[in-house]
Amino acid sequence: MFDLLILVAVILGLIAIAKVIQVLELANNVKGTSSYIVSEKDNRTQARLMPVFLISYFAFIIWQVVKWGDEMLPVSASEHGVVIDQLMNITWMIIIPVFILTHIALFYFAWKYAYDKNRKAQFYAHNSKLEMLWTSIPALVLLILILYGLSVWGDVMAPLTEEDDPIEIELYSRQFDWTARYPGEDGVFGKSDVRLIAGVNMLGLDSTDENAWDDKYVKAEFHIPVNRSVQFYFRSQDVIHSAYMPHFRAQMNCVPGMITQFNFKPTITTAEMREITGNPEFAYYLLCNKVCGAAHYNMKMEIIVESEEDYNNWMNEQKEFMEYGKYSFSNEKNDINKEVLAKSTEAETKNSAL
Ligand SMILES: [Cu+2]
């Protein structure tokens, strides 16, 4: 109902504007002048508005930086994130002065050379030297930035080797939550198939595959050890989601039917970051960065970065897939359902509390 009222108001507003324009045109006809001819006075007004616009525009930008500046992400918590931030900062350092100078020149010229009936424009058709200058300088700067960017991209996306001794985590996305899976003691992820998803087996793990038996999966939060490379594998059950871990400067699409990858090495624990930011509530998050449906905003999982010792302790407390299996083999369906329910309610209460 409210939407309808807004629509009616907009339509009435447009009709009113059209009528006012008609009245102005009629008035001009009566006076014998035409509203389509730009007078000298119009020109002067427009010219004076140019510096006014320029100053208000810059003032608005400065206001935004002052107002929202402290909402920026804290220092990067991953090794490669520092390099990405550097690339970003250097790009800003080049772009900002150019942006300021070109805008000042643009509005200055529009003000200074507004139409003047006593002045005749100089006919100046071409200057090869100038053309060369303003083509080659931006091209060179862009080339340097792109090459720099490509080398950073190469470093960030480089696959891990055995020497890195990474821990592996699979992040499984679906509308509208995340599940993190660890390969368990054997270090191998069990097979999975979307057709096997049922009840407690929310990832569709293949219980006939021995590698799946010790797999562990968690919701609401997952843990990673500090200063150890993490190899992520991303899957999606339904639509394209995007695993976004802003504090680690990491993002990767989760695409149904394929496995995408990303790796990083966390360098700052959650506790240390709480001290750095001065915020005792600070938490790292995995978010979804694709608008994937109605409850997209709910796709959130806390990431806890801690010492290897704490991480191992936490890992030992997590249940293996087979332990859920035991329930289903003994046919205690109710127990499984209770457990699943408890897990997802825990996840939901955590998410809604954030
Ligand atoms: Cu999503």
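**View 1. The whole chain, with nine helices and ten strands as its secondary structure.** Welcome to the full chain, shown here as a predicted model. Its radius of gyration is 30 Å, well over the 20 Å that the globule rule gives for 354 residues, so the chain is more spread out than a compact globule. Taken along the principal axes, the box filled by the C-alpha atoms comes to roughly 95 × 60 × 40 Å. Burial can be read from this view too: 19% of the 354 residues count as buried. As for contacts with a separation of 6 or more, 69% of them join residues that lie 24 or more positions apart.

**View 2. Domain 1 and domain 2, and the contact between them.** Domain 1 is made of two segments, 48-114 and 128-158, while domain 2 covers 168-353. Ten residues from domain 1 and 15 residues from domain 2 take part in the contact. What is the side of domain 1 that touches domain 2 made of, in nonpolar, polar and charged residues? Five of its residues are nonpolar, four are polar and one is charged.

**View 3. An open sheet of five strands with mixed pairing.** Follow the strands across the sheet and you will meet them in the order β3-β2-β1-β5-β8. At the edges stand β3 (216-218) and β8 (260-264); each has a single partner strand, so one side of each is left without a neighbour in the sheet. On average, neighbouring strands of this sheet are turned by 25° against each other, direction ignored.

**View 4. Strands β1 and β2, an antiparallel pair.** Here we move in on two neighbours from the order β3-β2-β1-β5-β8. Strand β1 spans residues 167-174 and strand β2 spans residues 177-182, and five bridges link them in the antiparallel sense. To find your way along the pair, look for E170, which stands opposite R181 in β2.

**View 5. N312 in helix α7.** The last close-up turns to a single residue and its surroundings. Helix α7 runs over residues 308-317, and N312 is found within it. Is N312 buried or exposed? It has 12 C-beta neighbours inside 10 Å, and because a residue with 12 or fewer counts as exposed, N312 is placed in the exposed class. H223 is also worth finding in this view: N312 and H223 are 89 residues apart in sequence, yet their C-alpha atoms are 9.4 Å apart in space.

Notes. Residues numbered from 1 in each chain as written. Predicted model: local features only at pLDDT ≥ 70, side-chain atom pairs only at ≥ 80, totals over all residues. Pairing = 2+ DSSP bridges. Helix = DSSP H or I, 4+ residues; strand = E, 2+ residues; numbered from the N terminus. Axes fitted to C-alpha atoms, helices over the stretch in contact; angles between N-to-C directions. Domains from an automatic or database assignment. Contact = placed C-beta atoms within 7 Å. Nonpolar A, V, L, I, M, F, W, Y, C, P; charged D, E, K, R; others polar. Rg over C-alpha atoms; globule rule 2.2 N^0.38 Å. Buried ≥ 20, exposed ≤ 12 C-beta atoms within 10 Å, placed from the backbone.
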